[in-house]
Amino acid sequence: MHKLIVANYKMNGNKFFFHSLQKKIKKSKDTEIILCPPFVYLNCLKNKKGFYVGAQNVSCEVNGKRTGDVSADMLSDVGVKYCIVGHSERSQPYSTDEIIARKVENCVKNGIVPIICFGETSEHDNDCLGKMINNAIKYVNSCNVIFAYEPVWAIGTGKVAKNDQINKTVDLIKQICEQKAIQTKVLYGGSVNLVNFKVLNSSKVDGFMLGKLSLDINKLNLLLKEV
Ligand code: PGA
């Protein structure tokens, strides 16, 4: 199956790093990769077949008095095809349910595929997931989105969700999206590494969202070879 990998560089890297990444990254032809550097390094990376550039955040507003914000229209103007929305590290009050839904809407209106991150804060507290999924897509219909199921307790902690739980979440997302004619791919994220990804890869996910692992280009290439 065609797999999708999103590398979320968070607030890491520099010009040298992103130029070398562009040169050294290798993937098999069945894999697509979206590289998400900090805004200021977006222009160090180029979209080419199978490799795409994504942003890590977008404004919920269209334009105007928002010092420090970047709009979906601006991202699209500089060639950005994907954008992470709702990552748990963009904490309150920057990521209320309403703000996330509006960011998703702005991306879709500007031809950017949103990568919608969501997940429960504490282990076994999964009842909130349906509400989070429905909320994020409440202003959009008949479009393409990517969901990244990232349990907050798994991000950067070394813990990962079990495949049963991941599969249940994938089914839930697909069922909710189908009702709105939304095409979706589902990723898993949170402490994915070269060891645990073999088990995670046998779940129903379409790929992975990587944080720490993506900082090591050799490890990233190893994962891209095996995925
Ligand atoms: P991690 O980050 O792989 O370092 O846990 C994942 C993420 O925050 O998207």
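**Salt bridges, ligand surroundings and core packing**

In this predicted model, K10 and E89 pair up in a salt bridge, with their closest N and O atoms 2.9 Å apart. K10 sits in the loop between β1 (3-8) and α1 (15-24), while E89 sits in the loop between β4 (82-85) and α3 (97-109), so the pair ties together parts that are 79 residues apart in sequence. Neither partner is tucked away: K10 is partly exposed at a relative accessible area of 22%, and E89 is partly exposed too, at 45%.

The full count comes to 10 salt bridges. Another of them joins D206 to K174, at 3.4 Å from N to O. Here D206 comes from the loop between α6 (197-200) and β8 (207-210) and K174 from helix α5, so this pair ties together parts that are 32 residues apart in sequence. D206 counts as buried, with 10% relative accessibility, whereas K174 is partly exposed at 32%. Shared partners also link E61, R66, D69 and R102 into one network of salt bridges. Within that group, E61 bridges to R66 with the closest N and O atoms 3.7 Å apart; E61 is partly exposed at 27%, and so is R66 at 36%.

K180 goes unpaired. This lysine lies in the loop between α5 and β7 (183-189) and is buried, yet has no salt bridge, with the nearest side chain of opposite charge, E105, 10 Å away. What K180 does touch, leaving aside residues up to four places away in sequence, is the run I137, K138, Y139, V140, N141 and S142.

Back at K10, there is a ligand to consider. K10 is one of the residues surrounding the ligand, along with N8, H87, E150, I155, G156, G190, S191, M209, G211 and K212. Several polar approaches to ligand oxygen atoms stand out. From H87, a polar side-chain atom lies 2.8 Å from a ligand oxygen. S191 gets to 2.8 Å as well, but with a backbone N or O atom, and G211 places a polar backbone atom 3.1 Å from a ligand oxygen.

As for the interior, the largest nonpolar core has 59 residues, and the members touching the most others are L21, F147, Y188, F208 and L220. Helix α5 (residues 163-178) supplies the largest share of this core, with 5 residues. Apart from this core lies another, of 13 residues, including C36, Y82, I84 and L187. L21, from the larger set, touches Y9, L35, L45, I217 and L220, not counting residues up to four places away in sequence.

Note on methods. Residues are numbered from 1 along each chain as its sequence is written. This is a predicted model: local features need pLDDT of at least 70, side-chain atom pairs count only at pLDDT 80 or more; totals for chains, interfaces and linings use all residues. Side-chain values use heavy atoms; hydrogens and water are left out. A nonpolar core is a set of buried Ala, Val, Leu, Ile, Met, Phe, Trp, Tyr and Cys residues joined through side-chain atoms within 4.5 Å. Buried means under 20% relative accessible area, exposed over 50%, partly exposed in between (1.4 Å probe, protein chains only). Helices (H or I, at least four residues) and strands (E, at least two) are DSSP runs, numbered from the N terminus. Contact means heavy atoms within 4.5 Å. Lys and Arg count as positive and Asp and Glu as negative; His and the chain ends are not counted. A salt bridge is a side-chain nitrogen of Lys or Arg within 4 Å of a carboxyl oxygen of Asp or Glu. A residue is near a molecule or strand if one of its heavy atoms lies within 4 Å of it. A polar contact is a pair of N or O atoms within 3.5 Å; within protein, one must be able to donate a hydrogen and the other to accept it, and residues adjacent in sequence count only if both atoms are side-chain atoms.
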